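Work through the exercises below with the sequence and the structure side by side, and try each task before reading its solution.

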Amino acid sequence: MDGTIVDTEPYWIAAEHALVEAHGGTWSHDQAMQLVGQSLTFSAGLLQRAGVELEIREIIDTLTAQVISSVQQEVPWRPGARELLEELHVAGVRCALVTMSEGPLAREVVANLPRPYFDVVVTGDTVSQGKPHPEAYLTAVELLQQNDPDLGIHHCVALEDSVPGVAAAVASGVATVAVPHIVPLPEHHSYELWDTLSGRSLTELEALLSQAGAAGAPAASTGDARG
């Protein structure tokens, strides 16, 4: 979600800077980049090491509240994301939102979409292990299978923007498209690399599954991706 559908990373980075500075510390660009795509628990631990004297839960709640406040003022959509979601929705492709952000922020973003694009929403507070562990993607596929028992991992495509997110998607076994945003991603045989979602289509996602040997209609997952 963050970085794939919406460009909220600047909101997160601003919130991190404000929190660290409020506790008398400093927060660098390099430190902020280490948190992109990571679980909030992992991120809160690094902020504690930077001098934030709060419990993990307090850090997560403080950051999330600030980012939600920023989103309520302006939702920074990523190029092509809503257009692709609309095409998938019209075509009847079921989508899952897979994000390490927690439920309140995910719901705020989803509420600003013009249609109910996501059949399933998996957030960081609903899984025990965050990205790069594949649990969130595996959970999304399991939830999609409840209404479609014939759906398999090989029918799904994930769209991701971060190193941890791409690692999680690839480890789950779904076909993966990397769309780098804040942090560069190298070319690699385990995923497809796109520079943007703008102009991309369902036909291209179906072609990825065809290359992987899957048959039938795809399901999409977006995280910080879609499955």
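**Exercise 1. A helix and its surroundings**

How many residues does helix H1 have, and how far does helix H1 reach from its first C-alpha to its last? Then find its buried residues and what covers them.

Solution. Keep in mind throughout that this is a predicted model.

Step 1. Helix H1 runs over residues 9-22 and has 14 residues, and the span from its first C-alpha to its last is 20 Å, close to the 20 Å expected at 1.5 Å a residue.

Step 2. The buried residues in H1 are Glu 9, Tyr 11, Trp 12, Ile 13, Ala 15, Glu 16, Leu 19 and Val 20.

Step 3. When reading such a list, recall that an α-helix has 3.6 residues a turn, so residues three or four places apart point the same way.

Step 4. The cover over the buried residues of H1 includes helix H2 (29-34), helix H3 (40-49), helix H4 (56-73) and H6.

Step 5. Just after H1 comes Gly 24, which takes a positive phi of about 80 degrees.

**Exercise 2. Salt bridges between distant parts of the chain**

Which residue forms a salt bridge with Arg 115, and which one forms a salt bridge with Asp 119? For each pair, locate the partners and decide whether they are buried, partly exposed or exposed.

Solution.

Step 1. The side chain of Arg 115 meets that of Glu 86 in a salt bridge, with 2.8 Å from N to O. This pair links distant parts of the chain, since Arg 115 lies in the loop between helix H6 (103-111) and strand S2 (118-122), while Glu 86 belongs to helix H5 (residues 81-90), 29 residues apart.

Step 2. Arg 115 has a relative accessibility of 40% and therefore counts as partly exposed, and Glu 86, at 22%, counts as partly exposed.

Step 3. Asp 119 forms its salt bridge with Arg 94, and the closest N and O atoms are 3.4 Å apart. Here too distant parts of the chain are linked, with Asp 119 in strand S2 and Arg 94 in the loop between H5 and strand S1 (95-98), 25 residues apart.

Step 4. Asp 119 is partly exposed, with a relative accessible area of 47%, whereas Arg 94 is buried at 19%, because buried means under 20%.

Step 5. The side chains of Arg 94 and Asp 119 are also joined by a polar contact of 3.4 Å.

**Exercise 3. Counting the salt bridges**

How many salt bridges does the count come to, and which residues do shared partners join into one network?

Solution.

Step 1. The count comes to 6 salt bridges.

Step 2. One of them is formed by the side chains of Arg 200 and Glu 204, at 2.6 Å from N to O. Arg 200 is partly exposed at 24% relative accessibility, and Glu 204 is partly exposed with a relative accessible area of 25%.

Step 3. Salt bridges that share partners bring Arg 57, Asp 61 and Glu 102 together in one network.

**Exercise 4. Cysteines and disulfides**

How many disulfides does the structure hold, and why is there no bond from Cys 95 to Cys 156?

Solution.

Step 1. The structure holds 0 disulfides.

Step 2. The cysteine sulfur closest to that of Cys 95 is in Cys 156, 10 Å away, and this is too far for a bond, because a disulfide needs sulfur atoms within 2.5 Å.

Step 3. Cys 95 counts as buried at 1% relative accessibility, and Cys 156 is buried, with a relative accessible area of 0%.

Definitions and conventions
Residues numbered from 1 in each chain as written. Predicted model: local features only at pLDDT ≥ 70, side-chain atom pairs only at ≥ 80, totals over all residues. Heavy atoms only, no water. Salt bridge = Lys/Arg side-chain N within 4 Å of Asp/Glu carboxyl O. Helix = DSSP H or I, 4+ residues; strand = E, 2+ residues; numbered from the N terminus. Buried < 20%, exposed > 50% of the residue type's maximum accessible area, 1.4 Å probe, protein only. Polar contact = N/O pair within 3.5 Å; in protein donor to acceptor, adjacent residues only side chain to side chain. Expected span 1.5 Å × (residues − 1). Contact = heavy atoms within 4.5 Å.
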